[in-house]
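I am opening these notes with the sequence and the coordinates side by side, and I will write down each thing as I look it up.

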Amino acid sequence: MSFPEMRMRRLRQSPAVRGLVRETSLEPRQLVLPMFVREGLTEQVAIGSMPGVVQHSIDSLRSAAVEAAEAGVGGVMLFGVPAVRDARGSGADDPRGILNVATEALAAEVGDALVVQTDLCLDEFTDHGHCGVLAADPSSSSGIRVDNDATLERYAAMALAQARAGSQLLGLSGMMDGQVAVVRAALDAEGFTDTLLLAYAAKYASAFYGPFREAVDSQLTGDRRTYQLDPGNRREGVREALVDEAEGADIVMVKPAMSFLDVLREVRDAVRIPVWAYQVSGEYAMIEAAAANGWIDRRGAVLESLLSIRRAGADAVLTYWATEAARWLRD
C-alpha cells in the first residue's frame, strides 16, 4: 500500500473508530471542583478575576455541590474564607469555623454522592497570608520566616478538625517539610485511618495563582518562594513527590498544571500512587478572557486543556470548570 493510500485510510476513519482507538479519555468522575465558602454571606458573591466562579454562602454551596454531584463530578475541594484572622490561623481548627461548618454541611448533603475534600493550609486563616506560623529571623531580608515545626503542630490540629467535620480527603497544600508524616500520625492516633491525604508535592511558586488571592481575600505581602518550589526545578518536584509517597500520602499533586506538564509526566512515572493536577485560577482566567474576546472557542479550549492534563499523566484534575465540563462530557 502506498503512502497516499495509507493517508486516505486515516482520513476516512469514522468517529466510532477514532473513539475506539483514542489513547486518553476524559470522564466526569476524574474532575474535582474547587469551591470557596465565605463566612457571613447570605448569598453568593462573584469573583471578578474568575468569571463564573463565586464565593459561596452555606446555602449556595450546598446547591452548587448538588449540581456537581448530579453532573457526575468526582469530588469537591473546599476553601474557607473567615471573617476574622489572626497570626496563628485560629479559625482553621475551630469546630465552628467556616471551613469546618461548611464541611459538615456538604458531608451531610452530598457525602454519599461524591468525595468531600478540604484544603489543609493556614494561608486563608492568617492575618499575614502565609501558609504557616511566623517566627523572627534577623538573618532574612524580611526579618521573619515560616516556622516549619510550629506550623506542623497547627496542621495536625487542623487535620483532626476537618476529619471530625466529615472531610474524606485532606489536601495538604502548605508545602511544609514533614507535613504528610505528621498529619498521618495525628489522624491514625485518633482513629481516622480511612481519611485520605492528598499531598501537594510539587507545588510551584507560580505567577498563575493571582486570581486565587482574590477568591480567598488573601492578606499576603511578599511571596512564598522560601517554601514553594522554584519553577526552574523539574527534578526537585519529582523528589518531593517520592518523599510524600514514602511518608504515607495516598495521592500526590502537581500544581499548577498546564505550565508543569513535564513535571506531571515525570511524577506519574516515578510514584506508584495516584497523581492529580490542579488547573489553577490563572489558567482558568486566561481561557475565560480569551474566549470572552472571541479569540478562541471556549468549550473546545476548556476540554482540550483538561485532556492535555490527563494525557500528561493526571488521574484526576482539580478545575473550576468541573461541573460544566462534566455536563458537556455526559451530553
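In which loop does M175 lie? I find M175 in the loop between strand 8 and helix 6, and I keep in mind throughout that this is a predicted model.

**Backbone at M175 and P256.** I looked at M175 for its backbone angle, since its phi is near 65 degrees, a positive value in a residue other than glycine. As a reminder to myself, most residues other than glycine have a negative phi, and most peptide bonds are trans. M175 counts as buried because its relative accessible area is 8%, under the 20% cut-off. A departure of another kind turned up at P256, which is joined to K255 by a cis peptide bond with omega about -5 degrees. I place P256 in the loop between strand 10 and helix 9, the latter covering residues 261-270.

**The sheet, strand by strand.** I began at strand 4 (residues 75-81), which runs parallel to strand 5 and is joined to it by four bridges. Within that pairing, L78 has T118 of strand 5 as its bridge partner. Between these two strands the chain passes through helix 4, and I note that this β-α-β crossover is right-handed. Strand 5 in turn runs parallel to strand 8, again with four bridges, and here D119 stands opposite G171 of strand 8.

From strand 8 (residues 169-172) I went on to strand 9, and the two pair in the parallel sense over four bridges, with L197 of strand 9 as the bridge partner of L170. Helix 6 (residues 179-189) belongs with strands 8 and 9 to a right-handed β-α-β unit. Strand 9 is also joined by four bridges to strand 10 (residues 251-255), which runs parallel to it, and A199 has V252 of strand 10 as its bridge partner.

**Burial of the strands.** How many of the residues of strand 9 are buried? I find that seven of its eight residues (196-203) are buried, which leaves strand 9 mostly covered. Strand 5 is also mostly covered, with five of its six residues buried. I looked more closely at Q117, whose place is in strand 5, and this polar residue counts as buried because its relative accessible area is 1%, against a cut-off of 20%. Leaving aside neighbours within four places in sequence, Q117 is in contact with V32, G75, V76, M77, L78, S167, L169 and W276.

**Nonpolar core.** I looked up which members of the largest nonpolar core, with its 99 residues, touch the most other members, and these are F36, Y155, V252, V267, W276 and Y278. For Y278 I listed the contacts beyond four places in sequence, among them P34, F79, Y200, F212, M253, K255, P256, L318 and Y320. The cis-joined pair K255 and P256 is thus among the contacts of Y278.

**Helix 5.** Helix 5 (residues 148-165) has 18 residues, and its first and last C-alpha atoms are 25 Å apart, close to the expected 26 Å. At its start, a side-chain oxygen of D147 reaches to within 3.3 Å of the backbone nitrogen of D149, and just after its end G166 takes a positive phi of about 115 degrees. Its buried residues include L152, R154, Y155, M158, L160 and Q162. I asked what covers them, and the list includes helix 4, strand 5, strand 7, strand 8 and helix 6.

**Helix 10 and the loop after it.** Is E288, in helix 10 (residues 281-292), buried or exposed? I count E288 as buried because its relative accessibility is 10%, under 20%. The side chain of E288 makes a polar contact of 2.8 Å with that of W321, and beyond four places in sequence E288 is in contact with P51, R298 and W321.

My last entry concerns G294, in the loop between helix 10 and helix 11 (298-311). G294 counts as exposed because its relative accessible area is 62%, over the 50% cut-off. I also noted that G294 and S305 lie 11 residues apart in sequence and 17 Å apart in space, C-alpha to C-alpha.

Conventions:
Residues are numbered from 1 along each chain as its sequence is written. This is a predicted model: local features need pLDDT of at least 70, side-chain atom pairs count only at pLDDT 80 or more; totals for chains, interfaces and linings use all residues. Side-chain values use heavy atoms; hydrogens and water are left out. A nonpolar core is a set of buried Ala, Val, Leu, Ile, Met, Phe, Trp, Tyr and Cys residues joined through side-chain atoms within 4.5 Å. Buried means under 20% relative accessible area, exposed over 50%, partly exposed in between (1.4 Å probe, protein chains only). Contact means heavy atoms within 4.5 Å. Two strands pair if DSSP finds at least two bridges between them. A crossover is right-handed if, with the strands pointing away from the viewer, the path from the first strand over the helix to the second runs clockwise. The expected span of a helix is 1.5 Å times one less than its number of residues. A polar contact is a pair of N or O atoms within 3.5 Å; within protein, one must be able to donate a hydrogen and the other to accept it, and residues adjacent in sequence count only if both atoms are side-chain atoms.
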